[in-house]
Amino acid sequence: MKTRQDLQALREKARAALAVRDSQGGARVVIAMGTCGIGAGAREVLGALLDELSLRGLSEVTVSQTGCKGLCDQEPLVEVHMPGMPSVSYGRVTPQIMRRIVAEQIVNGQVVSEYAIATGTEAG
């Protein structure tokens, strides 16, 4: 990094990356980031999610984190909330499975049933 323009370009790139966490109205993905989730690989799953959303230009997807969901043996846990659909909880998600969830559920509206452990929550 050598110039003011380099810093401005870096700042704009960081802002775009953070905007994915604050968008409204589209799908919402919640990753459980309790100690058990992090130990099972939730950070890598979050990284794969953010990378896949960026590669696909899906800026309308909200990404958030929560603590332990109480299903430690299923970590990493991911909930996907799509407008007009019941939410889906996925268990034992790997970065590869996360990329598949983005492609199949978030882009095409199809639940990846082989990794789904529950549908619907108190939030919808």
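**How the strands line up**

Tutor: Let's begin with a pair of residues in this predicted model. Arg28 has His81 as its bridge partner in strand 3.

Student: What makes strand 1 and strand 3 a pair?

Tutor: Two strands count as paired if there are at least two bridges between them. Strand 1 and strand 3 have 4 bridges, in the antiparallel sense, so they qualify as a pair.

Student: And how do you know that strand 1 pairs with strand 2?

Tutor: Use that cut-off of at least two bridges again. Strand 1 and strand 2 are joined by 5 bridges, so they pair too. These two run parallel. One of the bridges links Val30 to Ser64 in strand 2.

Student: Why is strand 1 called mostly covered?

Tutor: A residue is buried when its relative accessible area is under 20%. In strand 1, 4 of its 5 residues are buried, so the strand gets that description by this cut-off.

Student: What order do the strands of the open sheet have?

Tutor: There are 5 strands, in the order 2-1-3-4-5, and the pairing is mixed.

Student: What makes strand 2 and strand 5 edge strands?

Tutor: Each of them pairs on one side only. As for the twist, neighbouring strands of this sheet are turned by 20° against each other on average, ignoring direction.

Student: Which strands does helix 3 touch?

Tutor: Helix 3, residues 42–56, packs on the sheet and touches strand 1, strand 2 and strand 3. Its direction makes about 160° with that of strand 1. Then there's helix 4, residues 95–107, which also packs on the sheet, touching strand 1, strand 3 and strand 4. The direction of helix 4 makes about 15° with that of strand 3.

Student: How do you know that strand 4 and strand 5 pair?

Tutor: They share 3 bridges in the antiparallel sense, and the definition asks for at least two, so they pair. Tyr90, for instance, stands opposite Ala116 in strand 5.

Student: Where is Thr119?

Tutor: Thr119 sits in strand 5, which covers residues 116–119.

Student: Why is Thr119 called exposed?

Tutor: Its relative accessible area is 57%. Exposed means over 50%, so Thr119 earns the label.

Student: Which residues is Thr119 in contact with, leaving aside its neighbours within four places in sequence?

Tutor: Ser87 and Val88. Val88 lies 31 residues from Thr119 along the chain, yet their C-alpha atoms are separated by 4.4 Å.

Technical notes. Residues numbered from 1 in each chain as written. Predicted model: local features only at pLDDT ≥ 70, side-chain atom pairs only at ≥ 80, totals over all residues. Heavy atoms only, no water. Buried < 20%, exposed > 50% of the residue type's maximum accessible area, 1.4 Å probe, protein only. Contact = heavy atoms within 4.5 Å. Axes fitted to C-alpha atoms, helices over the stretch in contact; angles between N-to-C directions.
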